[in-house]
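Please open the model in your viewer and keep the sequence panel beside it. The stops below can be selected one after another.

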Amino acid sequence: MQPNPTLDQLQIFVAIADSGSFSAAGRKLNRAQSVISYGIANLEAQLGLKLFEREGTREPQLTEIGRAMLEDARRMIGVLQRMRTRVDGHHHGLEAEVALSVDATLPSPVLVRVLKAFEAQFPTVMLRLHIGSLGLIPDHVVNGQADLGIGGLLGEVDVHLVRIGFMSMVPAAAPGHPLALLPKPVKIEDVREHTQLVVIDQSERTKGRDYGVFAYRTWRLSDMRTKHTLMREGLGWG
């Protein structure tokens with residue numbers, strides 16, 4: 001079995017390519033130039049190929065195969081660095097994965113902004129994201145499917161609560177819907193006469209109870225995206 005390159009050898013290889021000389025690589029890695037020369041010579045001997053042209057040039061020049069190998073070396077160093085970061089994070093109490101359950105009504109730009117910040121601060125932590133509505137959010141937290149839940153909680157639930165904001169609910173309908181053509185403000189009596197699109201709670205938490213339902217006639221839907229689509233087509237208000 002042929003010996004594999006070591007991380008130290010790969011770091012020397014990349015440092016020479018980036019800095020342009022053996023002496024500069026030595027300064028960058030805080031090593032003697034002789035150590036740099038010895039490390040790259042051993043790497044070339046193990047691989048059985050020449051990574052740098054040294055003859056006839058003032059500074060070492062990457063060979064054609066050396067340029068190809070450089071990208072492999074960068075990837076390998078990157079993987080090892082991520083492993084080190086993950087291990088360091090674990091020693092400091094950082095989870096390997098976080099499961100998040102978010103209500104579908106949370107505005108997408110807000111969620112994306114938070115997740116970008118999360119990715120930047122915790123690049124080694126994997127994310128499991130659930131999108132639901134109503135009672136599914138606290139259910140996910142209570143049964144262990146989610147570590148954190150973001151949404152309006154319904155009923156009694158044994159979790160730690162932190163208020164982070166609020167959301168206003170307003171009736172909405174397509175521009176061509178009869179409600180949109182009435183004089184403003186629209187009266188509650190008028191709203192009751194038109195079909196309301198309502199997302200049902202897929203948990204048992206609100207069984208037998210309605211929240212924000214005003215119309216005499218309703219269409220019950222299983223998800224927010226379908227509700228939005230039907231509202232835009234004028235099939236009801238919500």
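The tour of this predicted model goes from aromatic rings to a pocket, then to a histidine and some backbone details.

**Aromatic rings**

Start by selecting the paired aromatic rings; the count is 3 pairs. Show F13 and F52 and look at their rings: the centres are 5.7 Å apart and the planes stand at 80°, so this pair is edge-to-face, the class for angles over 60 degrees. F13 belongs to helix α1 (residues 7-19) and F52 to strand β1 (residues 52-53), so the pair links distant parts of the chain, 39 residues apart. Are these two residues buried or exposed? F13 is buried, at 2% relative accessible area, and F52 is buried too, at 1%. Add F22 to the selection: ring pairs join F13, F22 and F52 into a cluster.

Next, select F118 and F122. Their rings form a tilted pair, with 5.6 Å between centres and 50° between planes. F122 is partly exposed, with a relative accessible area of 26%.

**The second largest pocket**

Now select D103, A104, T105, I131 and M224. Of the 17 residues that line the second largest pocket, these lie nearest its centre. The pocket has a volume of about 330 Å³. Colour β3 (97-103), α5 (108-121), β4 (126-132) and α8 (224-232) to see the elements that each give two or more residues to the lining. By class, the lining holds 8 nonpolar, 6 polar and 3 charged residues.

**H130**

Stay with strand β4 and select H130, which is located there. What does H130 touch, leaving aside residues up to four places away in sequence? The contacts are L100, S101, V102, H140 and Q145. For Q145, display the backbone oxygen: it lies 3.3 Å from a polar atom of the H130 side chain.

**Backbone details**

Most residues other than glycine have a negative phi, and most peptide bonds are trans. The last three stops depart from these habits in the ways given below.

- Select K184 and P185: the peptide bond from K184 to P185 is cis, with omega near -5°. P185 sits in the loop between β5 (148-150) and α7 (188-192).
- Select N30, which is not a glycine yet has a positive phi of about 60°. N30 is in the loop between α2 (22-29) and α3 (33-47), and is exposed, with a relative accessible area of 72%.
- Select L134, in the loop between β4 and α6 (136-142). Phi of L134 is positive, near 50°, and at 27% relative accessibility L134 is partly exposed.

Methods. Residues numbered from 1 in each chain as written. Predicted model: local features only at pLDDT ≥ 70, side-chain atom pairs only at ≥ 80, totals over all residues. Heavy atoms only, no water. Phe/Tyr/Trp six-rings, centres within 6.5 Å; stacked < 30°, edge-to-face > 60°. Helix = DSSP H or I, 4+ residues; strand = E, 2+ residues; numbered from the N terminus. Buried < 20%, exposed > 50% of the residue type's maximum accessible area, 1.4 Å probe, protein only. 1 Å grid on protein atoms, 1.4 Å probe; cavity = no way out; pocket = protein on both sides within 12 Å on 5 of 7 lines; lining within 4 Å. Points joined across faces, edges and corners; volume = space filled by probe spheres on them. Nonpolar A, V, L, I, M, F, W, Y, C, P; charged D, E, K, R; others polar. Polar contact = N/O pair within 3.5 Å; in protein donor to acceptor, adjacent residues only side chain to side chain. Contact = heavy atoms within 4.5 Å.
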